[in-house]
Amino acid sequence: MSSLSSKFKGVTYAGVVYGAIGGLIATWSISTAIAIAEVIIGWQISTFYSILGLSSGLTDNFATAAYLGFGLHILTGTILGAVFGFIIITRWKESIMLKHYKGILIGMVSGVVIWLVLFLPITALLIQPAINYIVTIVAIDSQRQILSEDINQSIRNIALAAIGFHLIWGAIFGYIMTSLLRIRAFKIDHNKVDSELK
């Protein structure tokens, strides 16, 4: 195997791993922002994840749905980070990602793409059709009357506000990935110097 092919595989592997790490950290960080947004709009914390879990159709329990939704969100963010890490590293040279501002901008573009290609279709095709079921479960759990129009309006507002969340996700993702690539580049340069000195 040529050293160029080996180097490309190493860079590609790094892009996938660092992208997954960046996606995991960014998604976990956004979970805090989601909780703050829920408090601001007057929802019980974890309602977003419960809605996500309930719309999957895998459970009819509010608490279980929250755990399921949170797990799916973290898993999806990690996988998307790995995919975008791979795309970014193979599409652009590794050196372009060694500058934080470029990494952050590329990450933010990735966040917008995720919002358009994944978040909006899931909201329209999975959550909206299950709205009456979701309202029933949320009302039973909170023991208060909830109107489907209120949840529907909140979901529409969240879908629009989610572009901000995805931009923040992308900025965190890009920053983490760039930082890890810079550490990797530093280690490679340091190892070259060490081997030349021996």
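Modeller: Helices (H or I, at least four residues) and strands (E, at least two) are DSSP runs, numbered from the N terminus. The structure discussed here is a predicted model, in which local features need pLDDT of at least 70, side-chain atom pairs count only at pLDDT 80 or more, and totals for chains, interfaces and linings use all residues. Residues are numbered from 1 along each chain as its sequence is written, and side-chain values use heavy atoms, with hydrogens and water left out.

Biologist: What makes up the secondary structure of the protein chain?

Modeller: It consists of six helices and zero strands, in the order α-α-α-α-α-α along the sequence.

Biologist: Which residue follows helix 2, and what is the sign of its phi?

Modeller: Gly-57 follows helix 2, and its phi is positive, near 80°. Another positive phi, near 90°, belongs to Ser-46, a residue other than glycine. Ser-46 sits in the loop between helix 1 (3-41) and helix 2.

Biologist: Why is helix 2 described as largely enclosed by the rest of the structure?

Modeller: A residue is buried under 20% relative accessible area, exposed over 50% and partly exposed in between (1.4 Å probe, protein chains only). Nine of the nine residues of helix 2 are buried, so the helix is largely enclosed. Among them are Phe-48, Tyr-49, Ile-51 and Leu-54. For the protein chain of 198 residues, the buried share is 40%.

Biologist: Why is helix 2 called roughly perpendicular to helix 3?

Modeller: Two packed helices are described by the angle between their axes and the distance between the axes. The axes are lines fitted to C-alpha atoms, for helices over the stretch in contact, and angles run from 0 to 180 degrees between N-to-C directions. Helix 2 and helix 3 pack at about 90°, with axes 6 Å apart. Angles of 65 to 115 degrees count as roughly perpendicular, under 35 as roughly parallel, over 145 as roughly antiparallel and the rest as oblique; helix 2 is therefore roughly perpendicular to helix 3.

Biologist: Which residues of helix 2 and helix 3 meet?

Modeller: Contact means heavy atoms within 4.5 Å. Thr-47, Tyr-49, Ser-50, Leu-52, Gly-53 and Leu-54 of helix 2 meet Phe-62, Ala-65, Ala-66, Leu-68, Gly-69, Phe-70 and His-73 of helix 3. By class (Ala, Val, Leu, Ile, Met, Phe, Trp, Tyr, Cys and Pro nonpolar; Asp, Glu, Lys and Arg charged; the others, Gly among them, polar), this contact has eight nonpolar, five polar and no charged residues.

Biologist: What makes helix 2 oblique to helix 4?

Modeller: The axes of helix 2 (residues 47-55) and helix 4 (residues 100-127) come within 10 Å and cross at roughly 60°. That angle falls in none of the three named ranges, so helix 2 is oblique to helix 4. Phe-48, Ile-51, Leu-52 and Ser-55 of helix 2 make the contact with Phe-119, Leu-126 and Ile-127 of helix 4. Six of these residues are nonpolar, one is polar and none is charged.

Biologist: Why is helix 3 also called oblique to helix 4?

Modeller: Their axes come within 11 Å and cross at roughly 125°. This value lies over 115 but not over 145 degrees, and therefore helix 3 is oblique to helix 4. The contact joins Thr-76, Leu-80, Phe-84 and Ile-88 of helix 3 to Ile-106, Ser-110, Val-113, Ile-114 and Leu-118 of helix 4. It contains seven nonpolar, two polar and no charged residues.

Biologist: How do you know that Ser-110 is buried?

Modeller: Its relative accessible area is 4%, which is under 20%, so Ser-110 counts as buried. Ser-110 belongs to helix 4. Beyond its neighbours within four places in sequence, Ser-110 is in contact with Phe-84, Ile-88 and Phe-173.

Biologist: What makes Gly-85 a buried residue?

Modeller: Gly-85, in helix 3 (residues 62-91), has a relative accessible area of 0%, so it meets the limit for buried. Leaving out residues up to four places away in sequence, Gly-85 touches Gly-15, Val-16, Gly-19, Phe-173 and Met-177. The C-alpha atoms of Gly-85 and Ser-110 are 9.8 Å apart, with 25 residues of separation along the chain.

Biologist: Why is Thr-12 classed as buried?

Modeller: At 11%, its relative accessible area is under 20%, and Thr-12 is therefore buried. Thr-12 is placed in helix 1 and touches Phe-86, Ile-89 and Thr-90, not counting residues up to four places away in sequence.
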